[in-house]
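Work through the following exercises with the sequence and the 3D structure at hand. Each task is followed by a solution in steps.

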Amino acid sequence: MATRKSGGVKRAATEVSLPLDKIIKSDSIEEMAKLPELSVDLVFADPPYNLQLGGELTRPDNSRVDGVDDDWDKFTSFADYDAFTRQWLAEARRVLKPDGAIWVIGSYHNIFRVGAALQDLGFWILNDVIWNKTNPMPNFRGTRFTNAHETLIWAAKDKTSRYTFNYQALKTANDDLQMRSDWSLPICTGNERLKSAGGAKTHPTQKPEALLYRVIIAATNPGDIVLDPFFGSGTTGAVAKLLGRRFIGIERDPDYIAAAAARIAAVKPAAAADLETAPSKRAMPRVPFGAVVEQGLLKPGARLYAPQKKHQARVKADGSIAVKGPDGPVQGSIHKMGALVQKIEACNGWTYWHYEAKTGLKPLDFLRDKVRKEMKV
């Protein structure tokens, strides 16, 4: 999806009034209500899961499992949790720019309720992503499956939003394969896990930086503003700083804030030149097929072929192509004619139609890239 562009003057004026790269000690809903409308590019939220734990959890050796039993994760009822969820999501939607998006992470305890609230409030769900934990905590009681994943919901502000999706960057990072919606990443351990002087975990649900790295690369560009209303141990801020994004964090717990601030202060941002990602083709200048013909990369009368030469077409001087229809030749754009011969509603003619090169058949996309390179000269 093409990335939107903001006017420099207007954006600069907005940023002056924002608490950029700061952690605000406050209630998330109250503080979001103070932020200007249409002021942030992305919201990443790791809200309370409402785990509803019944009693203490122990290992087979009777040692206590350090689970989530903090007051911030306790709600009196599902109705209470739903009301809280709708409140913070409504504020998140208000502060998002028209082409903004939100990512919310949760477990089976809460993510379905969050998903329903997102849709009720007008967000447009784009994907659910499964974080497959490669080293999950075992189910010590042996009464259920090991809970080895969490779910992230990615949603645009509304159906018409031109949200940022750096598709090509993710594909490049994934060895030129499309990035899938199941991500295998380890939970936060080792030196990355923040701990107190006594060795206890600083935050029980600290997320791995690799998870936030992928989210931020996927859904933002350098300079974008990321709001995290449940900042916790500061993973969002640390990764945002590294990747040249701005952040706003909201957190109530002073111990979490102290740990997050020290963590972020130690991050050295990457150089601006190293933050460039593989450009998305949708973000590149539009090239009509007629430009390929005008520049002589294909001559009128040249033949185009479908994969395995199942269908063929003839290039016309005006940039249209002609194919054989049921009642004779039919002429139109590369996209419409590709859809016609396949008997489908839509087709990307740039990738469907091929031309004859010295090395064999090549998709028209190669010629489009040549035109784009000429446009940059």
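**Exercise 1.** In which sense do strand E2 and strand E7 pair, and over how many bridges?

Solution. In this predicted model, locate E2 at residues 40–45 and E7 at residues 225–228. The two strands run in the parallel sense and are joined over two bridges. One bridge can be picked out by residue: Leu 42 has Val 226 of E7 as its partner.

**Exercise 2.** Place this pair in its sheet: what is the strand order, and which are the edge strands?

Solution. Step one is the order, which reads E1-E8-E7-E2-E3-E5-E4-E6 in an open sheet of eight strands with mixed pairing. Step two is the edges: strand E1 (22–25) and strand E6 (182–185) each pair on one side only. Step three is the twist, where neighbouring strands are turned by 20 degrees against each other on average, direction ignored.

**Exercise 3.** Which strands does helix H3 touch, and which does helix H8 touch?

Solution. Take H3 (residues 78–95), which packs on the sheet and touches E2, strand E3 (96–106) and E7. The direction of H3 makes about 145 degrees with that of E3. Then take H8 (residues 254–265), which also packs on the sheet, with E1 and strand E8 (246–251) as the strands touched. Between the directions of H8 and E1 the angle is about 175 degrees.

**Exercise 4.** Are H7 and H8 roughly parallel or roughly antiparallel?

Solution. The axes of H7 (residues 235–242) and H8 come within 9 Å and cross at roughly 15 degrees. Angles under 35 degrees count as roughly parallel, and H7 and H8 are therefore roughly parallel to each other. The handedness of their crossing is right-handed. On the H7 side the contact involves Thr 235, Gly 237, Ala 238 and Lys 241; on the H8 side, Arg 263, Ile 264 and Ala 265.

**Exercise 5.** Is Gln 178 buried or exposed?

Solution. Find Gln 178 in the loop between helix H5 (167–173) and E6. Its relative accessible area is 53%, and the cut-off for exposed is over 50%, so Gln 178 is exposed. Leaving aside residues up to four places away in sequence, Gln 178 touches Tyr 167 and Lys 171. Tyr 167 lies 11 residues away in sequence, at a C-alpha to C-alpha distance of 8.0 Å from Gln 178.

**Exercise 6.** Over which residues does pLDDT stay under 50?

Solution. Start with the chain, where the mean pLDDT is 89 and 88% of residues reach 70 or more. The stretch under 50 is residues 1–14, for which the model has 22 contacts beyond four places in sequence. Where pLDDT is low, predicted coordinates should not be read in detail.

Definitions and conventions:
Residues are numbered from 1 along each chain as its sequence is written. This is a predicted model: local features need pLDDT of at least 70, side-chain atom pairs count only at pLDDT 80 or more; totals for chains, interfaces and linings use all residues. Side-chain values use heavy atoms; hydrogens and water are left out. Two strands pair if DSSP finds at least two bridges between them. Helices (H or I, at least four residues) and strands (E, at least two) are DSSP runs, numbered from the N terminus. Axes are lines fitted to C-alpha atoms, for helices over the stretch in contact, and angles run from 0 to 180 degrees between N-to-C directions. Contact means heavy atoms within 4.5 Å. Buried means under 20% relative accessible area, exposed over 50%, partly exposed in between (1.4 Å probe, protein chains only). pLDDT is the predictor's confidence in each residue, from 0 to 100. Angles under 35 degrees count as roughly parallel, over 145 as roughly antiparallel, 65 to 115 as roughly perpendicular and the rest as oblique. A crossing is left-handed if the near helix is turned anticlockwise from the far one by less than a right angle, and right-handed if clockwise.
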